[in-house]
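The exercises below are to be worked with the sequence and the coordinates open. Each task is followed by a solution in steps.

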Amino acid sequence: MKIIAMIPARYAASRFPGKLMQDLEGKPVILRTYEATVNTNLFNAVYVVTDSDIIFNEIVNNGGNAIMSKKEHECGSDRIAEAVESMDDVDIVVNVQGDEPFTEVDSLKKLIAVFKDDNKKEIDLTSLMVHITDVDEISNPNTVKVIVDSNNFALYFSRSPIPYPRDKNVAVKYYKHKGVYAFRREALLDFYRLPMLLLEASEKIECIRYLEYSKKIKMVETHVQGVEIDTPEDLERAKKLWK
């Protein structure tokens with residue numbers, strides 16, 4: 001089974017433009033992420049896939065693997081699917097977010113293990129979720145929530161609090177969806193070729209497309225929140241943590 005990691009890296013970001021090239025204790029965020037992913041020793045190859053000459057050159061000039069996107073893409077899955085389309089020998093593709101330099105090995109191992117245990121190849125992709133209890137985070141639309149069935153297959157993702165707590169006495173758990181995925185190559189290419197439908201368009205959550213086309217998403221619980229660098233404040237937190 002050939003397993004590769006793809007790190008989609010877009011230079012422009014609405015909340016923090018150029019964040020991937022911001023300095024994180026001597027190296028840009030994207031280079032820190034790339035090196036951390038390589039150092040997990042979980043992958044046959046690691047690539048940064050980008051629309052930016054600046055990011056491309058940063059990775060290549062430091063001995064890394066980078067691929068330039070040929071088209072404009074609205075989401076990371078489309079960007080890496082374009083790159084994977086010509087790689088016939090790949091079985092599993094792990095999407096690592098470029099703004100998460102604190103790559104966590106155990107969580108990635110859990111994602112990969114799902115496919116190694118799936119002898120019938122019934123699972124199309126896996127992703128991470130983390131239990132959250134903070135009321136503000138649960139209600140924050142920037143935090144994507146996920147609900148699952150009894151076997152931890154995803155039922156739905158939303159920016160709204162799901163499930164809605166109509167009965168306050170029910171001890172329901174809330175899970176935050178972390179944007180780290182592992183795909184079967186065929187499922188990723190299906191996503192790339194199928195049009196966006198209404199639920200994905202409304203929520204602006206790309207993994208909803210898989211559910212709308214009846215793909216099976218196995219969620220894996222992790223207890224590591226990590227640091228996603230979406231704002232200058234996040235970058236300052238990352239610098240302190242790195243030290």
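**Exercise 1. A salt bridge between a strand and a helix**

Is Lys176 buried or exposed? Find its salt-bridge partner and state which elements the pair connects.

Solution. The model is a predicted one.

Step 1. The relative accessible area of Lys176 is 14%. The cut-off for buried is under 20%, so Lys176 is buried.

Step 2. The partner of Lys176 is Glu137, with the closest N and O atoms 3.5 Å apart. This lies within the 4 Å limit for a salt bridge.

Step 3. Lys176 belongs to strand S10 (residues 174–184) and Glu137 to helix H5 (residues 135–139), so the salt bridge ties together parts that are 39 residues apart in sequence.

Step 4. Glu137 has a relative accessible area of 18% and is buried.

**Exercise 2. Two further salt bridges**

Describe the salt bridges of Lys27 and Arg237, with the accessibility of each partner.

Solution.

Step 1. Lys27 pairs with Glu35, and their closest N and O atoms are 3.0 Å apart. Lys27 is partly exposed at 28% relative accessible area, and Glu35 is partly exposed at 25%.

Step 2. Arg237 meets Asp234 in a salt bridge with an N to O distance of 3.3 Å. Both residues are in helix H9 (residues 232–242), three residues apart, or about one turn of the helix. An α-helix has 3.6 residues a turn, so residues three or four places apart point the same way.

Step 3. Arg237 is partly exposed, with a relative accessible area of 47%, whereas Asp234 counts as buried at 13%.

Step 4. As a check on the search, the whole structure contains 13 salt bridges.

**Exercise 3. The neighbours of strand S7**

Which strands pair with S7, and in which sense? Locate Leu128 in this arrangement.

Solution.

Step 1. Strand S7 covers residues 125–132, and seven of its eight residues are buried.

Step 2. The pairing of S7 with S10 is antiparallel and has eight bridges. In this pairing Leu128 stands opposite Lys178 of S10.

Step 3. The pairing of S7 with strand S11 (residues 217–221) is parallel and has five bridges. Here Leu128 stands opposite Val220 of S11.

Step 4. Leu128 is also touched by Ser107, which contacts Thr222 as well, leaving aside residues up to four places away in sequence. Ser107 lies in helix H4 (residues 105–116) and is buried, with a relative accessible area of 5%.

**Exercise 4. The packing of helices H3 and H6**

List the buried residues of H6, say what covers them, and describe how H3 packs on H6.

Solution.

Step 1. Helix H6 spans residues 185–193, and its buried residues include Arg185, Ala187, Leu188, Leu189, Phe191 and Tyr192.

Step 2. The cover over these buried residues includes helix H3 (76–84), strand S6 (92–95), S10, helix H7 (198–203) and helix H8 (208–212).

Step 3. Two packed helices are described by the angle between their axes and the distance between the axes. For H3 and H6 the angle is about 115 degrees and the axes are 9 Å apart. Their crossing is left-handed.

Step 4. On the H3 side the contact is made by Ser77, Asp78, Ile80, Ala81, Glu82 and Val84, and on the H6 side by Arg185, Leu188, Leu189, Phe191 and Tyr192. By type, the residues of this contact are seven nonpolar, one polar and three charged.

**Exercise 5. Backbone exceptions**

Where is the peptide bond between Ile162 and Pro163 cis, and in which loops do Lys121 and Ser214 lie?

Solution.

Step 1. Most residues other than glycine have a negative phi, and most peptide bonds are trans.

Step 2. The bond joining Ile162 and Pro163 is cis, with omega about 0 degrees. Pro163 is in the loop between strand S9 (154–158) and S10.

Step 3. Lys121, not a glycine, has a positive phi of about 55 degrees. Lys121 lies in the loop between H4 and S7 and is exposed, at 62% relative accessible area.

Step 4. Ser214, also not a glycine, has a positive phi of about 65 degrees. Ser214 sits in the loop between H8 and S11 and counts as exposed at 66% relative accessibility.

Technical notes: Residues numbered from 1 in each chain as written. Predicted model: local features only at pLDDT ≥ 70, side-chain atom pairs only at ≥ 80, totals over all residues. Heavy atoms only, no water. Salt bridge = Lys/Arg side-chain N within 4 Å of Asp/Glu carboxyl O. Buried < 20%, exposed > 50% of the residue type's maximum accessible area, 1.4 Å probe, protein only. Helix = DSSP H or I, 4+ residues; strand = E, 2+ residues; numbered from the N terminus. Pairing = 2+ DSSP bridges. Contact = heavy atoms within 4.5 Å. Axes fitted to C-alpha atoms, helices over the stretch in contact; angles between N-to-C directions. Left-handed = near helix turned anticlockwise from the far one by under 90°. Nonpolar A, V, L, I, M, F, W, Y, C, P; charged D, E, K, R; others polar.
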